[in-house]
Amino acid sequence: MADTIIALSSGAMPSGVAVVRVSGPRSGALTEALIGALPDPRHATLRVLRDSAGAEIDRGLVLWFPGPASFTGEDCAEFHVHGGRAVVDRLLAVAVEHEGVRLAEPGEFSRRAFVNGKLDLVEAEALSDLILAETEAQRRFAVEQATGAQSQLYANWRERLLTARAMIEAEIDFSDEEDVPGSVSDEVWADVSSLVAEIDQHIASSDRGRILRSGFDVALVGAPNAGKSTLLNVLAGSERAIVSAEPGTTRDIVEARLDLDGYLVTIADTAGLRETDGLVEAEGVRRARLRAGQADLVLHVSETGAFNDLSLGDGRTIWRVRTKTDLVRGDADGDADFALSSVSGSGVDDLVGAIRSEVGRRAGQTDTLAPGRARHIELLRTGRTYLIDSLSERLPLELRAEALRLAADTLGRITGRIDVEEMLGAVFSRFCVGK
Ligand SMILES: Nc1nc2c(ncn2[C@@H]2O[C@H](COP(=O)(O)OP(=O)(O)O)[C@@H](O)[C@H]2O)c(=O)[nH]1
Ligand SMILES: [Mg+2]
């Protein structure tokens, strides 16, 4: 018999209410032991919860969800008790005294829901995203994926490939019979080619998915003392980074997370770029370059208006930001895109406004689905490689059909339809306890 698992499923205590969730075959027996007779299924009922000696633990709403009509598909119960540490600790302690009942591991409820076919992997991941969502765009992205639209797309692709493979195998089987009509394979390969194009387009939108899900990454870089940390603090609206007239103060990367029009924007303050003998500062400079090399947007900050080449490689969007305009008179902006003073505040709104529109543009307003997780993108890329193999006319038809099967399996792994046992641990262990 599977273990019956129990955990606090609601957030930080103390709180008005805490929700403790139980799932597994002994849920009913445990609930009866705590409150007496089971309440009607799915009806919130006020009950006293008692330990085995009959002493009251607390009183609260109890819900009984007999499987399979429950979140996990198993028998489940919920106890809505007062959100005090000691209340919840006592309830959990009393519960795990029962044979076959133990505390849940991170993500274990969702994992059971997946195993019992209540959710596919994409939906389970989306649920975890929904719980972690801090901004409106993240919430919308997670909801879209949680409702299965993305899963449906992959299921359709997989279906097409399985059909294609069946047609090719039929052709292989009948190829020595004279009266088979003209090859159907041209049509099949044309469809596989167009599927490659669709997958390419989908992968190309992964930047958008990543920005929606993980946020838009901005890196502040430039010479020491240019005013990077001060600018970060102004953008964050709080003293996040240490500001000092002494050059080389910032070594670690300091981040501020902003919500701009519902999009999560992460701004990273970095060590000033300069040659240095200090080991710690040199490491800071290395990290600054690395971060800038991966950022969605680099703000190149300079107090002089002179901007040396950052040599960050191709594809970086770099904006030149002249700082400390309160200290200079007249026009000395050089070739800056923005000029501002973190002290007087002038010019700061222009920069924020520009970041706002850049994020909106790059995150896109369209409804097309975008993959937001590295796991999905990796599998899409692998699937695409198999499709390219299948299109190779140099290969015997048997191998081309096999490549179609491998591609279909790879797409099946995204939603978890295909042997996923080995990656379940990786997916669900990152969930929080009680989920
Ligand atoms: N007058 C003026 N001083 C500034 C401005 N921004 C930064 N500073 C000063 O310049 C010095 C270096 O700033 P900091 O933000 O630590 O530079 P960082 O090394 O690029 O992080 C500090 O003394 C700041 O107070 C500004 O807009 N106007
Ligand atoms: Mg600094």
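1. In this predicted model, Arg210 has a relative accessible area of 27% and is therefore classed as partly exposed. Its partner in a salt bridge is Asp207, with N and O 3.1 Å apart. Asp207 is also partly exposed, at 43% relative accessibility. The two residues sit three positions apart in helix H8 (residues 206-214), about one turn of the helix.

2. A second pair is Asp335 and Arg320, whose closest N and O atoms are 2.9 Å apart in a salt bridge. Arg320 belongs to strand E11 (318-322), while Asp335 is in the loop between that strand and strand E12 (338-339), so the salt bridge ties together parts 15 residues apart in sequence. Relative accessible area is 45% for Asp335, which is partly exposed; Arg320 is likewise partly exposed, at 26%.

3. Some salt bridges share partners. One network formed in this way joins Asp207, Arg210, Asp296, Glu358, Arg361 and Arg362.

4. The salt bridge count comes to 33. One of them pairs Arg160 with Glu198, at 3.1 Å between the closest N and O atoms. Arg160 is in helix H6 (residues 149-174) and Glu198 in helix H7 (residues 185-204), so this pair links parts that are 38 residues apart in sequence. Arg160 is partly exposed, with 25% relative accessibility, and Glu198 is partly exposed at 30%.

5. The chain is divided into domain 1 (4-104), domain 2 (126-205 + 371-428) and domain 3 (212-363). Domain 2 is thus given as two segments. The centres of domain 2 and domain 3, taken over C-alpha atoms, are 41 Å apart. Nine residues of domain 2 and seven residues of domain 3 make up the contact.

6. How much area do domain 2 and domain 3 bury between them? The value is about 810 Å², and 52% of it lies on carbon and sulfur atoms. Accessible area lost when parts come together is often used to give the size of an interface.

7. Polar terms at this interface can be listed as well. Seven residue pairs are in polar contact across domain 2 and domain 3, both residues having pLDDT 80 or more. On the domain 2 side, helix H5 (residues 136-146) gives the most to the contact with domain 3, with four residues. By class, that side has two nonpolar, three polar and four charged residues.

8. Two salt bridges are counted between domain 2 and domain 3. A salt bridge also joins Asp129 and Arg213, with 2.9 Å between the closest N and O atoms. Asp129 falls within the bounds of domain 2 and Arg213 within those of domain 3.

Definitions and conventions
Residues numbered from 1 in each chain as written. Chains lettered and ligands numbered in written order. Predicted model: local features only at pLDDT ≥ 70, side-chain atom pairs only at ≥ 80, totals over all residues. Heavy atoms only, no water. Salt bridge = Lys/Arg side-chain N within 4 Å of Asp/Glu carboxyl O. Buried < 20%, exposed > 50% of the residue type's maximum accessible area, 1.4 Å probe, protein only. Domains from an automatic or database assignment. Contact = heavy atoms within 4.5 Å. Buried area = accessible area lost by both parts, 1.4 Å probe. Polar contact = N/O pair within 3.5 Å; in protein donor to acceptor, adjacent residues only side chain to side chain. Nonpolar A, V, L, I, M, F, W, Y, C, P; charged D, E, K, R; others polar.
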